[in-house]
Amino acid sequence: MSQTANGVTRSLPADAQFLTSAYGGISQEMAAVEDILTREMSSRYESVNEVVSYGCMLGGKRMRPALLLLAAKACGQVTDAHYTLGAVIEMIHTATLVHDDVLDEADQRRHLATVNSRWNNETSVLLGDFLFSHAFYLATMLPTTCAARMIGRSTNIVCEGELRQIASRQAFETTEEEYLAIIDAKTAELCACACELGARYAEASEEQIAALEKFGRDLGIAFQIADDLLDVEGNEVETGKSLGTDLEKQKPTLPLIYALQCFQGEQREQVLAIVEGPAENRGPGLRPWLAQCDALGYARRRANEYIQSAIAALSILPESESRTTLEQLASFVTARSC
């Protein structure tokens with residue numbers, strides 16, 4: 001299976017093919033969102049259009065608009081507003097990815113060169129800004145300001161989370177609680193917002209809205225823990241993106257935090273010496289230590305706990321194909337390889 005945009009074709013990995021199958025029940029709705037993305041992520045200026053339409057390829061899984069649409073369908077029905085909101089939430093997500101690639105100095109995402117790699121950092125920053133501003137413009141075109149307020153608040157929280165993570169670099173005393181608070185903000189917030197928007201614009205009950213917001217938040221936390229695991233043990237050919245950037249940037253993610261809590265005294269100092277040593281030695285040097293204390297297994301178990309919590313939150317919803325798909329997506333989050 002492949003995807004083409006702006007003359008660039010990429011093969012979709014097995015995980016993306018699973019998602020394509022899982023989205024079968026909302027295929028028409030996802031196509032409507034994709035039409036809006038294609039139309040809005042463009043420019044009348046050829047040089048700008050090349051960059052913006054290329055950025056449309058980088059979002060990859062389209063998980064956030066799918067969550068929004070599935071939440072709507074599980075609670076009621078999908079409306080035209082949901083299509084716009086699906087495009088808006090994906091544009092904001094893509095903007096964060098483009099900016100993340102600059103911060104991480106990554107050169108690959110979704111089996112494509114990153115914008116900063118193909119062009120430069122200036123282009124990446126401006127593309128992210130373009131996507132943020134245009135997303136808010138689209139949100140303001142809806143009949144009420146509810147979505148714009150919610151998305152604006154969530155985007156601020158996401159940016160705060162990213163700033164907090166930058167501040168935590170080399171802060172090897174970071175606790176698991178602090179780490180979870182950071183990823184709740186920088187990753188889970190937008191998933192929670194997508195689910196809440198889907199339910200709210202389907203005129204769901206407040207109990208259903210709260211349940212879907214919790215589902216999205218727990219799923220988002222598990223997603224980020226799984227992402228951090230992939231950064232340590234993933235395969236770049238399978239993931240299609242640059243790995244090892246967390247260690248390179250000395251970000252204290254859950255496996256490292258757990259290992260530093262497990263080891264004391266001289267052993268802890270040896271682990272710290274590896275983390276603070278040459279970047280190219282950090283991954284190979286840490287793997288035996290992470291294996292010794294089962295740090296990766298611990299992180300995986302914590303991610304699965306959040307997934308089980310997310311699935312439990314859906315019990316308030318009536319049984320439906322959309323609810324089942326949400327449950328399947330939750331399970332996919334910790335089993336994926338990209």
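# Exercises on Helices, Salt Bridges and the Core

In this model, a salt bridge joins the side chains of Arg62 and Glu34, with 2.9 Å from N to O. The pair connects distant parts of the chain, since Arg62 stands in the loop between helix H3 (46-55) and H4 while Glu34 belongs to helix H2, 28 residues apart. The model is a predicted one.

## Exercise 1: The surroundings of Arg62

Task: Decide whether Arg62 and Glu34 are buried, partly exposed or exposed, and state what is notable about the phi angle of Arg62.

Solution.
- Step 1. The cut-off for a buried residue is under 20% relative accessible area, and that for an exposed residue is over 50%.
- Step 2. Arg62 has a relative accessibility of 7% and therefore counts as buried.
- Step 3. Glu34 has a relative accessibility of 24%, so it counts as partly exposed.
- Step 4. The phi of Arg62 is positive, at about 55 degrees, although Arg62 is not a glycine.
- Step 5. A positive phi of about 55 degrees is also found at Asp294, which is not a glycine either. Asp294 lies in the loop between helix H15 (279-292) and helix H16 (295-313). Asp294 is partly exposed, because its relative accessible area is 37%.

## Exercise 2: Two further salt bridges

Task: For the salt bridge of Glu29 with Lys73 and that of Arg200 with Glu196, state where the partners lie along the chain.

Solution.
- Step 1. As a principle, side chains of opposite charge can pair when their charged atoms come close.
- Step 2. The side chains of Glu29 and Lys73 form a salt bridge of 3.1 Å from N to O. This pair links distant parts of the chain: Glu29 is in helix H2 (residues 27-40) and Lys73 in helix H4 (residues 63-75), 44 residues apart.
- Step 3. With a relative accessible area of 11%, Glu29 is buried, whereas Lys73, with 30%, is partly exposed.
- Step 4. In the salt bridge between Arg200 and Glu196, the closest N and O atoms are 3.0 Å apart. Both residues belong to helix H9 (residues 176-200), with a separation of 4 residues, about one turn of the helix.
- Step 5. An α-helix has 3.6 residues a turn, so residues three or four places apart point the same way.
- Step 6. Arg200 has a relative accessible area of 27% and is thus partly exposed. Elsewhere, Arg153, Asp184, Glu189, Glu213 and Arg217 are joined into one network by salt bridges that share partners. In total, the structure holds 17 salt bridges.

## Exercise 3: Helix H4

Task: Check the length of H4 against the expected span, and determine how many of its residues are buried.

Solution.
- Step 1. The expected span is 1.5 Å times one less than the number of residues.
- Step 2. H4 has 13 residues, so it should span 18 Å; the C-alpha atoms at its ends are 18 Å apart, which agrees.
- Step 3. Of these 13 residues, 12 are buried, so H4 is largely enclosed by the rest of the structure. Among the buried residues are Met63, Leu67, Ala71 and Cys75.
- Step 4. The cover over the buried residues of H4 includes H2, helix H5 (80-104), H9, helix H10 (206-233) and helix H17 (321-335).

## Exercise 4: Nonpolar residues inside and outside

Task: Identify the residues that touch the most other members of the largest nonpolar core, and name a nonpolar patch on the surface.

Solution.
- Step 1. In soluble globular proteins, nonpolar side chains tend to be buried together.
- Step 2. The largest nonpolar core has 104 residues, of which Leu67, Ile151, Leu197, Leu212, Phe215 and Ile225 touch the most other members. H9 supplies the largest share of this core, 11 residues.
- Step 3. Leaving aside residues up to four places away in sequence, Leu212 touches Ala71, Cys75, Cys195, Ala199, Leu314, Leu317 and Leu326.
- Step 4. On the surface, a nonpolar patch is formed by Leu103, Leu163 and Ile166, with about 260 Å² of accessible area together. Leu163 is part of helix H8 (residues 146-168) and counts as exposed because its relative accessibility is 58%.

## Exercise 5: The chain as a whole

Task: Describe the chain by its helices and strands, its buried share and its contacts.

Solution.
- Step 1. There are 17 helices and 4 strands in the chain.
- Step 2. The chain has 338 residues, and 59% of them count as buried.
- Step 3. Among the contacts in the chain with a separation of 6 or more, 76% are between residues 24 or more positions apart.

Note on methods:
Residues numbered from 1 in each chain as written. Predicted model: local features only at pLDDT ≥ 70, side-chain atom pairs only at ≥ 80, totals over all residues. Heavy atoms only, no water. Patch = residues over 30% accessible without salt bridge, like charges linked within 9 Å, V, L, I, M, F, W, Y side chains within 5 Å. Areas by Shrake-Rupley, 256 points an atom, 1.4 Å probe, with all protein chains shown as cover. Salt bridge = Lys/Arg side-chain N within 4 Å of Asp/Glu carboxyl O. Helix = DSSP H or I, 4+ residues; strand = E, 2+ residues; numbered from the N terminus. Buried < 20%, exposed > 50% of the residue type's maximum accessible area, 1.4 Å probe, protein only. Core = buried A, V, L, I, M, F, W, Y, C linked by side-chain atoms within 4.5 Å. Contact = heavy atoms within 4.5 Å.
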